[in-house]
Amino acid sequence: MDSVFQDLYEKYHHDVFQFLFYMVKNRETAEDLVQEVYIRVYKSHQKFEGKSSERTWLYSIARNAAIDHFRKQKSWKQRLMENFDWDKQQIKDEHPIPEEIALQKEEIQWIYKSLDECTVDQRSVIILRYIQSLSISETAEVLGWTESKVKTTQHRALKAVKKILEANVGKEGSPLEKITMDRS
């Protein structure tokens, strides 16, 4: 079991951290949640039936850990919105991770800011599909949804992001022309 656990950790810990980081937008919280995920994995790996890939199983556990984290907050909805407010959660690190470097580009910043207007489900789909590069079927497995629901939620999320981006063209010196987010 220890070698299996070690293999899982080495293969996926960065991806799990990255997913949780995008969900909670706080490095320390994401690190704590990664530990929680691997505690849950260690305790329940013998129950893993292999009906999905280990990767989607881990993302599913990570998503549930993030949701549990939000539920534990004092005022769940208020805290959830605060956790997704980029202006309030400034991340400082002497050695930025690649995602932080990408966020420095203004176009990318606008896309990430537009996620604040999306629902948690829409945000989860966008993160899993576009940032974590999961397929529709893998995303459906992680979320426990049908592929049809993933496609519908993805469509609505992209529509919401596009509307927000279009509303912000020209505001605050936004250089946004036309951004396409095409992923079939």
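Helices are DSSP runs of H or I with at least four residues, numbered from the N terminus. On this basis, the predicted model contains nine helices and zero strands in the protein chain. From the N terminus on, the order of elements is α-α-α-α-α-α-α-α-α. The place of Lys25 is in the loop between helix 1 and helix 2, the latter formed by residues 27-44.

Over the protein chain of 184 residues, 43% are classed as buried. The exposed surface of the chain amounts to about 10700 Å², and carbon and sulfur atoms contribute 48% of this area. Among contacts with a separation of 6 or more, 67% join residues that lie 24 or more positions apart.

Helix 7 comprises the twelve residues 120-131. At 1.5 Å a residue, a span of 16 Å is expected for this helix, and the end C-alpha atoms are 15 Å apart, so the two values agree. Nine of the twelve residues are buried, and helix 7 is therefore largely enclosed by the rest of the structure. The buried positions are Val120, Gln122, Arg123, Ser124, Val125, Ile126, Ile127, Leu128 and Arg129.

Helix 7 packs against helix 1, which spans residues 2-24. The axes of the two helices come within 11 Å and cross at roughly 145°, and the crossing is right-handed. Helix 1 contributes Gln18, Phe19, Tyr22 and Met23 to the contact, while helix 7 contributes Val120, Ser124, Ile127, Leu128 and Ile131. Classified by residue type, the contact of helix 1 with helix 7 has seven nonpolar and two polar residues, with no charged residues. Of the helix 7 residues in this contact, Val120, Ser124, Ile127 and Leu128 are also among those that are buried.

Positive phi values occur at two loop residues, Lys25 and Ser133. For Lys25, phi is near 55°, a positive value in a residue other than glycine. The relative accessibility of Lys25 is 2%, and since buried means under 20%, this residue counts as buried. Ser133 follows helix 7 and is placed in the loop that leads to helix 8 (136-143). Phi of Ser133 is near 60°, again a positive value in a residue other than glycine. With a relative accessible area of 41%, Ser133 is partly exposed, because this class lies between the limits of 20% and 50%.

Helix 9, made up of residues 147-168, includes Thr153. The relative accessible area of Thr153 is 11%, and the residue is buried. Leaving aside residues up to four places away in sequence, Thr153 touches Asp121, Gln122, Val125 and Trp145. Thr153 and Asp121 are separated by 32 residues in sequence, whereas their C-alpha atoms are 7.4 Å apart in space. Two of the residues touched by Thr153, Gln122 and Val125, are buried in helix 7.

Ser114 is located in helix 6, which runs over residues 106-114. This serine has a relative accessible area of 0% and is buried. When residues up to four places away in sequence are not counted, Ser114 touches Val161, Ile164 and Leu165.

Note on methods:
Residues numbered from 1 in each chain as written. Predicted model: local features only at pLDDT ≥ 70, side-chain atom pairs only at ≥ 80, totals over all residues. Heavy atoms only, no water. Expected span 1.5 Å × (residues − 1). Buried < 20%, exposed > 50% of the residue type's maximum accessible area, 1.4 Å probe, protein only. Contact = heavy atoms within 4.5 Å. Areas by Shrake-Rupley, 256 points an atom, 1.4 Å probe, with all protein chains shown as cover. Axes fitted to C-alpha atoms, helices over the stretch in contact; angles between N-to-C directions. Left-handed = near helix turned anticlockwise from the far one by under 90°. Nonpolar A, V, L, I, M, F, W, Y, C, P; charged D, E, K, R; others polar.
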